[in-house]
Amino acid sequence: MKLIHSAAELQEQLDYERARGHKIGFVPTMGALHEGHISLVDVAKESCDVVVVSVFVNPLQFGPKEDFDKYPRTLQGDAELLEQHEVQYLFAPGVADIYPQSPEITQRAGVVGSTFEGASRPGHFDGMLTVVNRLMQIVSPDVVVFGEKDAQQVFIVRKLIGARFKDCRLVEAPTLRDSNGLALSSRNRFLSPSDLAEASSIYRHLNEMRTELETGAKVSLTVEKHAKGIEAIPNAKLEYLAVIDPQIFRPVDDNYRGAAKIIVAAKVGEVRLIDNLNVKAISA
Ligand code: AMP
């Protein structure tokens, strides 16, 4: 595996790969890699000859009071893990490689960008979209893989890819969970053992909600009941719990019928967690 820091050098290598007829798969990450990230690599490998994983903790997508400084940075371990999984390129640029002038927002995430995650984290999606746009320009992949775990992120990125990177296919990969159902996340390492157990009960609520919604429960009552349930988890603070129409990423009302997604964000101890679960069909 080649570890590359400079955008120009990566582009040179990838031009060489393309000249050999190789399809390029891209997995953008912020590092502190875990098996969830590796599952994205595996998805990229299914249709590509060469996989590029980027590790870049993007300052533009963190608010002033957020955990940019504390975000785990484990490049050596990341490189070893990717090597084991036969990734060809690890792209770990510095801030100046990504933002040659200075870090500045160039992309706006629109209306959906200011709801849910965007309401809790103002400017987050503009920053995320700006870096994805820049990374896509550098890598110019045939396939880019994002995790369904960050549902609102994929929703927003899909529009960017459709509008500006038409030759690239976006693939959404399912969420990898631990044995208790907790979605793997780079931030989970900051959960204490008891918080870890508490955190996985959020997933149990999502599962119960799904069953209830698929068997005729009213959306508003279901959300209300489980919001209370999550609030009652020791050390947990609920930020939002909603049932949305995945086509428009907006909350559904009690008359809605069809496919839906339950989305949740909560802090457990000091750690902010997000998760979601698909509902096949809300039916009467
Ligand atoms: P991050 O490093 O947290 O920015 O995540 C990089 C990519 O990995 C994003 O597309 C995430 O949605 C995806 N991802 C993070 N956690 C998981 C997981 N548990 N299962 C599958 N994909 C994940």
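Helix α8 (193-214) and strands β9 (258-268) and β10 (271-282) each supply at least two residues to the lining of the largest cavity. The model is predicted. That cavity holds about 100 Å³ of space. Two open sheets are also described here: one has four strands with antiparallel pairing, and one has six strands with parallel pairing.

**The cavity**

- How many cavities of 30 Å³ or more does a search of the whole structure find? The search finds one.
- Its lining has 14 residues. Leu182, Ala183, Leu273, Ile274 and Asp275 are the closest to the cavity centre.
- By residue class, ten lining residues are nonpolar, two are polar and two are charged.

**The four-stranded sheet and helix α8**

- The strand order is β8-β7-β9-β10, and the sheet is open.
- β8 (250-251) and β10 are the edge strands, each pairing on one side only.
- β7 (residues 236-245) and β8 run antiparallel and are joined by two bridges.
- Ile244 stands opposite Pro251, which is in β8.
- Helix α8 lies across β7, β9 and β10. It runs at about 20° to β10.
- Asn207 is a residue of helix α8. It counts as partly exposed because its relative accessibility is 23%, and partly exposed covers values between the 20% limit for buried and the 50% limit for exposed.
- Asn207 lies 9.4 Å from Val279, C-alpha to C-alpha. In sequence, Asn207 and Val279 are 72 residues apart.

**The six-stranded sheet**

- The order here is β1-β4-β3-β2-β5-β6, again in an open sheet.
- Which are the edge strands? They are β1 (2-4) and β6, and each pairs on one side only.
- From one strand to the next, the twist averages 25°.
- Five bridges connect β5 with β6, and the two strands run parallel.
- Val144 has Leu170, in β6, as its bridge partner.

**Helices on the six-stranded sheet**

- Helix α1 (residues 7-19) packs on the sheet. It touches β1, β2, β3 and β4 (89-91). The direction of α1 makes about 155° with that of β4.
- Helix α2 packs on the sheet as well, touching β2, β3, β5 and β6. The direction of α2 makes about 150° with that of β5.
- Helix α2 spans residues 35-47. Its buried residues are Gly36, His37, Ile38, Ser39, Leu40, Val41, Val43 and Ala44.
- What covers those buried residues of α2? The cover includes the strands β2 (24-29), β3 (50-55), β5 (143-147) and β6 (169-173), along with helix α3 (75-84).

**Glu148**

- Glu148 sits in the loop between β5 and α7 (151-164).
- Is Glu148 buried or exposed? Glu148 is buried, because its relative accessible area is 18% and buried means under 20%.
- Leaving out residues up to four places away in sequence, Glu148 touches Val154, Glu172, Ala173, Pro174, Thr175, Lys261, Asn276 and Asn278.
- Of these contacts, Glu172 and Ala173 fall in strand β6 (169-173).
- Other contacts of Glu148 belong to the four-stranded sheet: Lys261 falls in β9 (258-268), and Asn276 and Asn278 fall in β10 (271-282).

Note on methods. Residues are numbered from 1 along each chain as its sequence is written. This is a predicted model: local features need pLDDT of at least 70, side-chain atom pairs count only at pLDDT 80 or more; totals for chains, interfaces and linings use all residues. Side-chain values use heavy atoms; hydrogens and water are left out. On a 1 Å grid over the protein atoms alone, a cavity is a set of points where a 1.4 Å probe fits but cannot get out, and a pocket is an open set with protein on both sides within 12 Å along at least five of seven lines; lining residues have an atom within 4 Å of a point. Grid points are joined across faces, edges and corners, and a volume is the space filled by probe spheres set on the points. Ala, Val, Leu, Ile, Met, Phe, Trp, Tyr, Cys and Pro count as nonpolar, Asp, Glu, Lys and Arg as charged, and the others, Gly among them, as polar. Two strands pair if DSSP finds at least two bridges between them. Contact means heavy atoms within 4.5 Å. Axes are lines fitted to C-alpha atoms, for helices over the stretch in contact, and angles run from 0 to 180 degrees between N-to-C directions. Buried means under 20% relative accessible area, exposed over 50%, partly exposed in between (1.4 Å probe, protein chains only).
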